Amino acid sequence: MKARDYLFSLTLFSFTFMATPMFADAATRTWIGGAGNNLSSPANWAEGIAPVTGDDLIFPATALFRTPKCDLPAGTALQSTTFQGGGYTFSDGSCRTRSLSSVGDLELGPYPWAAPWTVEERMVLSSGNMR
């Protein structure tokens, strides 16, 4: 194999690797809140698995606990977070998501400067109030 052909093959492989989505194992996680309020507890999720980077989170109107604590490992970057019902209150921890949407009232922290959510791209509030 000529050096030029080898370099081309290596470049093509590198580009393919870099273009592969980083969140290939990402999934949708649905909150049930049956075991307290920690996001990191697998028992609080319908799928039995705690969220990881790239996951989409859904907080339905039927959840038992509506005061979840953002205790995911530092650096966890969620793809999207959707609150399908009002009455959720977050006052602890820190979470990062690319987009956040809510139907109904949503309280993200006791003070605007201490909100535990970082929204990187888009926030949509369909109805209700956000505090």
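Colleague: Let's start simple: how many helices and strands are in the chain?
Modeller: This is a predicted model, so keep that in mind throughout. Reading along the sequence, you meet the pattern α-β-β-β-β-β-β-β. That gives one helix and seven strands.

Colleague: Which strands form the open sheet, and in what order?
Modeller: Five strands take part, and their pairing is parallel. From one strand to the next, the twist averages 15 degrees. The order across the sheet is S1-S2-S3-S5-S7.

Colleague: Why is one side of S1 and of S7 left without a neighbour in the sheet?
Modeller: Look at the order again: S1-S2-S3-S5-S7. Strand S1 covers 28-30 and strand S7 covers 117-127, and both stand at the edges. One side of each is left without a neighbour in the sheet because each has a single partner strand.

Colleague: What is the bridge partner of Thr-28 in S2?
Modeller: Strands S1 and S2 run parallel and are joined by three bridges. Follow the pairing from Thr-28 across to S2, and you land on Asp-56.

Colleague: And going on from S2, which residue in S3 is the bridge partner of Ile-58?
Modeller: S2 and S3 also run parallel, with four bridges between them. On the S3 side, the partner of Ile-58 is Thr-82.

Colleague: Is S3 largely enclosed or largely open, and how many of its seven residues are buried?
Modeller: For a residue to count as buried, its relative accessible area has to be under 20%. S3 is largely enclosed by the rest of the structure, because enough of its residues pass that test. The count is five of the seven.

Colleague: Which residue in S7 is the bridge partner of Ser-99?
Modeller: Let's walk across the sheet. S3 and S5 pair in the parallel sense over six bridges, with Leu-78 opposite Thr-97 and Ser-80 opposite Ser-99. Then S5 and S7, also parallel, are joined by eight bridges. There, the partner of Ser-99 is Arg-122.

Colleague: Staying in S5, is Ser-102 buried or exposed, and what is its relative accessible area?
Modeller: Ser-102 sits in strand S5. Leaving out residues up to four places away in sequence, Ser-102 touches Phe-83, Val-124, Leu-125, Ser-126 and Ser-127. Buried means under 20% relative accessible area. Ser-102 counts as buried because its value is 1%.

Colleague: How many residues does the largest nonpolar core have?
Modeller: In soluble globular proteins, nonpolar side chains tend to be buried together. In this model, the residues with the most contacts inside the largest core are Trp-31, Leu-39, Phe-59, Phe-83, Tyr-88, Phe-90 and Trp-117. Strands S2 (56-59), S3 (77-83) and S5 (95-103) each give two or more residues to this core. Its residue total is 16.

Colleague: Leu-39 is on that list; which cysteines is Leu-39 in contact with, beyond its neighbours within four places in sequence?
Modeller: Contact here means heavy atoms within 4.5 Å. The partners of Leu-39 include Trp-31, Phe-59 and Phe-90. Also among them are the cysteines you asked for, Cys-70 and Cys-95.

Colleague: What is the S to S distance in the disulfide that joins Cys-70 to Cys-95?
Modeller: The structure holds one disulfide. The pair links distant parts of the chain, 25 residues apart, with Cys-70 in the loop between S2 and S3 and Cys-95 in strand S5. Both cysteines are buried. The sulfur atoms are separated by 2.0 Å.

Colleague: What is the angle about the S-S bond in the link of Cys-70 and Cys-95?
Modeller: You can look for the handedness when you turn the model on your screen. The link of Cys-70 and Cys-95 is left-handed, with an angle of -120 degrees.

Colleague: Now for a loop: what distance separates the C-alpha atoms of Ala-46 and Thr-30?
Modeller: Ala-46 lies in the loop between S1 and S2. Not counting residues up to four places away in sequence, Ala-46 touches Thr-30 and Ile-32. Ala-46 and Thr-30 are 16 residues apart along the chain, and their C-alpha atoms are separated by 5.5 Å.

Colleague: Last one, for the whole chain: what percentage of the residues is buried?
Modeller: The accessible surface comes to about 7900 Å², and 59% of that belongs to carbon and sulfur atoms. Of the 131 residues in the chain, the buried ones make up 29%.

Technical notes: Residues are numbered from 1 along each chain as its sequence is written. This is a predicted model: local features need pLDDT of at least 70, side-chain atom pairs count only at pLDDT 80 or more; totals for chains, interfaces and linings use all residues. Side-chain values use heavy atoms; hydrogens and water are left out. A nonpolar core is a set of buried Ala, Val, Leu, Ile, Met, Phe, Trp, Tyr and Cys residues joined through side-chain atoms within 4.5 Å. Buried means under 20% relative accessible area, exposed over 50%, partly exposed in between (1.4 Å probe, protein chains only). A disulfide is a pair of cysteine sulfur atoms within 2.5 Å. Two strands pair if DSSP finds at least two bridges between them. Axes are lines fitted to C-alpha atoms, for helices over the stretch in contact, and angles run from 0 to 180 degrees between N-to-C directions. Accessible areas come from the Shrake-Rupley method with a 1.4 Å probe; for residues, only the protein chains shown count as cover.
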